[in-house]
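Here is a short tour for anyone who likes to see how a chain packs and pairs. Please keep the viewer open as you read.

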Amino acid sequence: MTRRFQMKALIIEDREGMKTMLMDVLEKNGIEHTAVNTVEEAMATIQTDKDHRIVILDTAVSDGTGMSFIDDLESWEAEPESKKGRRQRAENGPAIIVIRNSTESVPESCIFVKAELVKPFTTSMLVDAINAALPKDKRIVDADRGRMMANPNDELVRRGITYGESYVFFQENPRTVLDIMQTFSMAGYDMLLITASRAKVARERFGLDKGAEVYTLKGNFYPLGTMIDMVRGFIEGSRYPVVALDDLDNIIDHCGMDRTFVALKEILALRGEKHKFTFLASVDGEVLKKNERAVLTSMMTLYKEE
């Protein structure tokens with residue numbers, strides 16, 4: 001007799017922003033879930049609780065070796081192959097949804113992989129992947145399809161933010177940059193925050209997961225050359241890089257207007273060398289002169305909230 005599985009999902013994800021998005025979609029559609037950070041934890045969970053009907057695997061976990069979960073699962077599930085036995089194994093699951101980068105490939109021989117998502121993706125795409133992993137009679141309905149959805153990528157569109165562009169925010173505090181950083185983070189982009197705050201405080205303040213890069217400015221005279229090198233290395237080593245500077249007037253206070261503007265030009269000039277990237281800079285526009293604001297808006301798009 002074929003065993004009937006409960007509607008239960010296992011999330012293998014160590015990025016807090018992505019994990020939150022995945023859990024929100026599952027909860028919204030009534031799917032119970034368990035979340036773990038590593039392949040080892042995932043295998044231990046599968047071996048002790050076979051009611052997990054779906055596995056959502058981010059290949060970036062376990063220092064980028066998350067794909068090894070597929071090999072580990074197949075080795076554990078191994079049994080003499082027959083057409084009937086192979087069909088039953090595929091039906092009983094777990095059904096795997098792989099979240100990967102565009103340069104990765106999933107083993108074609110794995111009978112458990114039912115869907116693939118390439119970062120970044122929308123919640124509609126995630127719902128489609130979940131349905132591909134479920135029996136026909138258990139599939140869910142995306143009630144928001146056909147209109148604007150409350151998901152990270154759609155939120156960026158709503159705000160008028162285009163990936164690969166540069167934006168300057170003339171605000172007394174970086175509230176809007178904070179919101180947009182959180183949105184990019186939840187959508188799975190690679191994040192670098194340049195700030196004078198401590199890394200842990202900055203991550204919590206901006207809703208970034210532990211994998212996000214934070215470059216902390218220290219001392220009485222900020223090393224702008226080191227900052228530029230940090231940005232260059234980050235964008236060269238990232239797939240979808242987003243760089244944010246949360247307090248530009250603080251850098252101006254420490255380094256002067258001319259040196260700060262030269263550093264900004266060097267960072268923006270990196271676009272086209274290796275990768276496309278998004279750049280966000282927040283500054284208190286009230287402390288700048290008219291010609292200084294004009295220089296910034298000549299380098300970056302002035303962001304205006306609707």
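What follows covers a sheet, two cores, a buried acid and a pair of unusual backbone angles.

Please bear in mind that this is a predicted model.

**The sheet**

Let us begin with the open sheet, whose six strands run in the order 8-7-9-10-6-11 with parallel pairing. Its edges are strand 8 (213–216) and strand 11 (301–302), each of which pairs on one side only. Between strand 7 and strand 8 there are four bridges, in the parallel sense. If you would like a place to zoom in, Leu 192 stands opposite Glu 213 of strand 8.

**The cores**

In general, nonpolar side chains of soluble globular proteins tend to be buried together. Here the largest nonpolar core has 33 residues, and the members that touch the most others are Met 227, Val 243, Leu 264, Phe 279, Leu 296 and Met 300. Both strands and helices supply it: strand 7 (190–195), strand 9 (241–245) and strand 10 (278–283) each give two or more residues, as do helix 10 (224–236), helix 11 (248–255), helix 12 (257–268) and helix 13 (290–299).

Met 300 is a good residue to select. Beyond four places in sequence, Met 300 touches Ser 166, Tyr 167 and Val 168, together with Leu 264, Leu 268, Phe 279 and Ala 281. A second core, separate from this one, holds 23 residues, including Leu 26, Ile 56, Ile 97 and Ile 140.

**A buried acid**

Which side chain of opposite charge is nearest to Glu 292? That side chain is Lys 289, 5.0 Å away, and Glu 292 is buried with no salt bridge. The cut-off for a salt bridge is 4 Å, so the 5.0 Å separation from Lys 289 does not qualify. The backbone of Lys 289 does meet this acid, however: its nitrogen lies 2.8 Å from a polar atom of the Glu 292 side chain. Glu 292 sits in helix 13 and, leaving aside neighbours within four places in sequence, is in contact with Met 257 and Phe 261.

**Two positive phi angles**

Helix 3 spans residues 61–64 and includes Ser 62; Asp 63 is found in helix 3 as well. Neither residue is a glycine, yet each has a positive phi.

| Residue | Phi (about) | Relative accessible area |
|---|---|---|
| Ser 62 | 50 degrees | 16% |
| Asp 63 | 60 degrees | 78% |

Are these two residues buried or exposed? Ser 62 counts as buried because its relative accessibility is 16%, whereas Asp 63 is exposed, at 78%.

Key:
Residues numbered from 1 in each chain as written. Predicted model: local features only at pLDDT ≥ 70, side-chain atom pairs only at ≥ 80, totals over all residues. Heavy atoms only, no water. Core = buried A, V, L, I, M, F, W, Y, C linked by side-chain atoms within 4.5 Å. Buried < 20%, exposed > 50% of the residue type's maximum accessible area, 1.4 Å probe, protein only. Contact = heavy atoms within 4.5 Å. Lys, Arg positive; Asp, Glu negative; His and termini not counted. Polar contact = N/O pair within 3.5 Å; in protein donor to acceptor, adjacent residues only side chain to side chain. Pairing = 2+ DSSP bridges.
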